[in-house]
Amino acid sequence: MFLVAYKQELLHTAILVIIVFLVVIITKSAIRKFGFVRSIEVNRRKLIYYLSYLIIYIFAGSALAVIWGVDLKQFTVFISSVLAVLGVGFFAQWSILSNLTASVILFFSHPLRIGDRIRVLDKDFDWTGEVADITGFYLFMKTDDGRNITIPTSLIMQKGIEILDKIEVEDAEEYD
């Protein structure tokens with residue numbers, strides 16, 4: 001009896017599950033290819049996988065709610081209320097959101113890679129060293145004087161970064 005009463009909803013749900021499955025596979029393949037072409041470490045790709053899956057599942061959950069008969073007006077009120085609460089929460093924790101956003105930008109468009117020698121261009125600090133790791137929130141760097149520095153990814157986006165060539169670094173060490 002249940003199957004007959006909700007035949008249309010079950011069909012749409014099955015189609016949605018198939019679409020979500022295909023989108024996840026395509027997204028995973030695209031991120032993997034992009035990461036391979038740009039020589040991006042596997043751990044950095046995981047963050048992008050998780051964020052893309054989160055977005056896909058949020059859209060799928062919203063579509064599923066509409067399929068199963070949630071009133072569109074009530075649903076938009078609910079979504080706007082959730083977004084308002086999230087907006088207030090993220091405003092209170094804006095640095096977390098900005099670090100995640102900066103990490104995604106670093107992943108897709110910045111030439112900075114793990115193992116690169118860099119100089120952070122800052123008037124107050126002279127940070128020159130090798131990038132040890134880049135996570136969702138921080139860039140870990142081992143400086144030339146042996147210190148391990150943790151820099152928020154949002155700060156990396158705000159400051160200028162000079163990527164040093166290996167030859168340039170070796171020449172500078174010869175003259176010191």
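Helices, as the term is used here, are DSSP runs of at least four residues, numbered from the N terminus. In the predicted model, helix H3 spans residues 42-67 and contains both Tyr-49 and Tyr-53, which lie four residues apart, about one turn of the helix. Both Tyr-49 and Tyr-53 are buried, and the two side chains are taken up again below together with the other aromatic rings.

The chain as a whole comprises seven helices and five strands. Along the sequence these elements follow the order α-α-α-α-α-β-β-β-β-α-β-α, so that five helices precede the run of four strands, and a helix, a strand and a further helix complete the pattern. Of the 176 residues in the chain, 27% are buried, and the chain exposes about 12,000 Å², of which 68% is supplied by carbon and sulfur atoms. When contacts between residues at least 6 apart in sequence are considered, 55% of them join residues that are at least 24 apart.

Four salt bridges are found in the structure. In one of them, the side chains of Arg-117 and Asp-144 meet at 2.5 Å, taken from N to O. This pair links distant parts of the chain, with Arg-117 placed in strand E1 (residues 117-121) and Asp-144 in the loop between strand E3 (138-143) and strand E4 (148-152), the two residues being 27 apart. Arg-117 has a relative accessible area of 13% and is therefore classed as buried, the cut-off for that class being under 20%.

Strand E1 also contributes Arg-119, whose side chain forms a salt bridge with that of Glu-162 at 3.0 Å, N to O. Because Arg-119 lies in strand E1 and Glu-162 in strand E5 (residues 160-164), the pair ties together parts that are 43 residues apart in sequence. Both partners are partly exposed, Arg-119 with a relative accessible area of 28% and Glu-162 with one of 27%. A further salt bridge joins the side chains of Arg-147 and Asp-145, with a distance of 3.2 Å from N to O. In this pair Arg-147, at 40% relative accessibility, counts as partly exposed, whereas Asp-145, with a relative accessible area of 54%, is exposed.

A search of the whole structure returned five aromatic pairs. One of these is formed by Tyr-49 and Tyr-53, whose ring centres are 6.2 Å apart and whose planes stand at 10°, so the pair is classed as stacked. The two tyrosines belong to a cluster in which ring pairs link Tyr-49, Tyr-53 and Tyr-57, and, as noted above, Tyr-49 and Tyr-53 are both buried residues of helix H3.

Phe-125 and Trp-127 provide another stacked arrangement, because their ring centres lie 4.9 Å apart and their planes are at 10°, an angle that falls under the limit of 30 degrees applied to stacked pairs. The surroundings of these two residues can be described separately: Phe-125 is partly exposed, with a relative accessible area of 46%, whereas Trp-127 counts as buried at 13% relative accessibility.

How values were computed: Residues are numbered from 1 along each chain as its sequence is written. This is a predicted model: local features need pLDDT of at least 70, side-chain atom pairs count only at pLDDT 80 or more; totals for chains, interfaces and linings use all residues. Side-chain values use heavy atoms; hydrogens and water are left out. Buried means under 20% relative accessible area, exposed over 50%, partly exposed in between (1.4 Å probe, protein chains only). Contact means heavy atoms within 4.5 Å. Accessible areas come from the Shrake-Rupley method with a 1.4 Å probe; for residues, only the protein chains shown count as cover. Rings of Phe, Tyr and Trp (its six-membered ring) pair if their centres lie within 6.5 Å; planes under 30 degrees apart count as stacked, over 60 as edge-to-face and the rest as tilted.
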